[in-house]
Amino acid sequence: MASARAATPRVLHRIRTAPAAFVRHYRARRPPPVSELVKAPHPLARALGTVAVVLLGAWLGLLVVGSVRAPVGPMDTRMTLRPSLDGGTKINVAPLGALELDSHTAPVRLDVDVDSLDPDRARALVDHPERLAGLQDEVARDVQTGARDLALSSCVAVVAGAGALSLAVHRSPRRALTAGGLALALLAASGATAFATWNPKSVLEPRFSGLLSSAPSVVGNARSIVSEFDAYQKELARLVTNVTKLYDATSTLPTYAPDPSTTRVLHVSDIHLNPASWHIIASLVEQYEIDVIIDSGDTMDHGTAAENGFLDPIEDLGAPYVWVRGNHDSRTTQRYLERLKNVRVLDEGSAVNVGGLRVAGIGDPQFTPDRSVVAGGDPTERTAGSYLAGSLRAQRAVGAPVDIAVAHNPVAARQTDGYVPLVLAGHVHHPKTEQLPGGTRLRIEGSTGGSGLRAIEDDEPDPVTASVLYLDRTTKRLQAWDQIELGGLGLTTAEVSRHLPEENEPGATPSPPLSPKPSSKPSSESSVERSGRSSSPSP
């Protein structure tokens, strides 16, 4: 026991004086710290994770708070920066649609939404037209102010978004600050890229959607615009001016609010091989939620088989297409259309049920491009119209009355008076409405093709016109119609007119029953309807 006690001091002395090798061996046998059990991430993976957090956070920040409301002239707008692979500028102008400009190449896009019209500022412009002279400068200043505010708002948005997301993911204030700084640097780099790639000529080739796709002339003759940056501001000012007048006039339209149960018919006519017509029709079908398209003829110019391919887009217009032959449409044209899906060809008084309506029609008996045949003139048209009237009378007798009749020539259409509530026609290239003596309303459409190539022959080309007819789904009677008129070649007008039949006005007596009578001079349009006009006139 004594020897053991004597040995203890010697052991302790040896431990205290142990060489470094013994210490290293002793430490190597200790378990590693907990922190060494977690493998540190690879630097590349760490960097990619930070970049992902920065991008996602900046994007969320722009979505949530990256926009500003800014007055531009009399309009209230919302300006927003959006992440984008292509960049550019998009201006949404309700209810006209949108236009897109390839203004820059950067990972951000500028969206400008025209939300509403300030009634006080608009009224001041209407009451004091002399103020329109200074509207362009005012709009330019407003756009610059809005862009500056948007830049500041976007900086706050990306920093806050990226910092907040990094803090939530990494739980590190230092890394959150780093993420916010990187997001700000990314936004600055995007802005520098947009500035470096700014293309003032983009205003010369805008892309249109919605109703604007039907009337690019709303922003003027783009090819004549001086290719400078201030051209963008001036054209925007002119667009705002026109839309101001449109909104102001729209507020005075006759009161009629179509409900979802209303049947909507798009009446087109005299397209005359104008390919732009299909884009116009497709846009109107989408915007007005059209149930049926009725074409009262002269879709072609010469009726040759070589022209038939022009008709193929009809299959993709998005609504059933009812067609009658015009005097520029051949039997070859008619046979080709009969083979297209979505097309209902009417002739010899035949009828179809489409969109909840019963529609009957007859093709034009004359084919005027054939110079080997002497045209029969109005007598031939009256004969065809009488044949259609007989078919309408027979169908009503068997309990299948027709709601709408269609003929190309108004002379033929007038023969149906008293046998149908509404008859549609074209041919004359000028819209008109008549209340016939027997109670039938005749609606003549203008040229949905702007008279085709004939538009370049006259000093003042014909406008592009179409009508949206609103019919009660129960009674099948016409409740109202919108006349849409877009400026032809070289014009810068866009008009929407709302018309109400006289019997639909407050306090009016119901329309009398149909009664066939000999045709007489029709009453003027102004005596049977009340209209309001929404206009975007030439600047």
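This report describes the overall make-up, nonpolar cores, aromatic cluster and one buried serine of a predicted model.

## Overall make-up

The protein chain of this predicted model contains 11 helices and 20 strands, and 46% of its 539 residues count as buried. Among contacts between residues at least 6 apart in sequence, 64% join residues that are at least 24 apart. The accessible surface of the chain comes to about 26700 Å², and carbon and sulfur atoms account for 58% of that area.

## The largest nonpolar core

The largest nonpolar core holds 33 residues, and those with the most contacts inside it are Leu266, Ile281, Ile293 and Tyr321. Two or more residues each come from the helices α8 (276-288) and α9 (331-338) and from the strands β7 (263-268), β9 (321-323), β10 (343-345), β17 (464-471), β18 (478-486) and β19 (494-501). Of these elements, α8 gives the most, with 6 residues.

Leu266 shows how residues from separate stretches of sequence meet here. With its neighbours within four places in sequence left aside, Leu266 is in contact with Ile281, Leu284, Val285, Ile290, Val292, Ile293 and Ile294, and also with Ala466, Ser467 and Val468.

## A second core and helix α3

A second core, separate from the one above, has 19 residues and includes Ala58, Leu62, Val72 and Ala106. Ala58 and Leu62 are also among the buried residues of helix α3, the others being Thr50, Val53, Val54, Gly57 and Gly61.

Helix α3 covers residues 43-65, 23 residues in total, and reaches 32 Å from its first C-alpha to its last, which is close to the 33 Å expected at 1.5 Å a residue. An α-helix has 3.6 residues a turn, so residues three or four places apart point the same way. The buried positions Thr50, Val53, Val54, Gly57, Ala58, Gly61 and Leu62 can be read along the helix with that spacing in mind.

## The aromatic cluster around Trp278

The count of aromatic pairs comes to 2, and Trp278, Phe310 and Tyr321 form one aromatic cluster. The pair of Trp278 and Phe310 is tilted, with 5.2 Å from centre to centre and 40° between the planes. Trp278 lies in helix α8 and Phe310 in the loop between β8 (292-295) and β9, so this pair ties together parts that are 32 residues apart in sequence. Both Trp278 and Phe310 are buried.

The pair of Trp278 and Tyr321 is edge-to-face, with 6.4 Å from centre to centre and 65° between the planes. This pair also links distant parts of the chain, since Trp278 belongs to helix α8 and Tyr321 to strand β9, 43 residues apart. Trp278 counts as buried because its relative accessible area is 6%, and Tyr321 counts as buried because its relative accessible area is 0%. Tyr321 is, in addition, one of the residues with the most contacts inside the largest nonpolar core.

## Ser467, a buried polar residue

Ser467 has its place in strand β17 and counts as buried because its relative accessibility is 0%. The side chain of Ser467 makes a polar contact of 2.8 Å with the side chain of Arg443, and a polar contact of 2.4 Å joins the side chains of Ser467 and Glu445.

Not counting residues up to four places away in sequence, Ser467 touches Val265, Leu266 and His267, as well as Arg443, Glu445, Asp482 and Gln483. Leu266 is thus a link between this site and the largest nonpolar core, in which Leu266 is among the residues with the most contacts.

Terms used. Residues are numbered from 1 along each chain as its sequence is written. This is a predicted model: local features need pLDDT of at least 70, side-chain atom pairs count only at pLDDT 80 or more; totals for chains, interfaces and linings use all residues. Side-chain values use heavy atoms; hydrogens and water are left out. A nonpolar core is a set of buried Ala, Val, Leu, Ile, Met, Phe, Trp, Tyr and Cys residues joined through side-chain atoms within 4.5 Å. Buried means under 20% relative accessible area, exposed over 50%, partly exposed in between (1.4 Å probe, protein chains only). Helices (H or I, at least four residues) and strands (E, at least two) are DSSP runs, numbered from the N terminus. Contact means heavy atoms within 4.5 Å. Rings of Phe, Tyr and Trp (its six-membered ring) pair if their centres lie within 6.5 Å; planes under 30 degrees apart count as stacked, over 60 as edge-to-face and the rest as tilted. Accessible areas come from the Shrake-Rupley method with a 1.4 Å probe; for residues, only the protein chains shown count as cover. The expected span of a helix is 1.5 Å times one less than its number of residues. A polar contact is a pair of N or O atoms within 3.5 Å; within protein, one must be able to donate a hydrogen and the other to accept it, and residues adjacent in sequence count only if both atoms are side-chain atoms.
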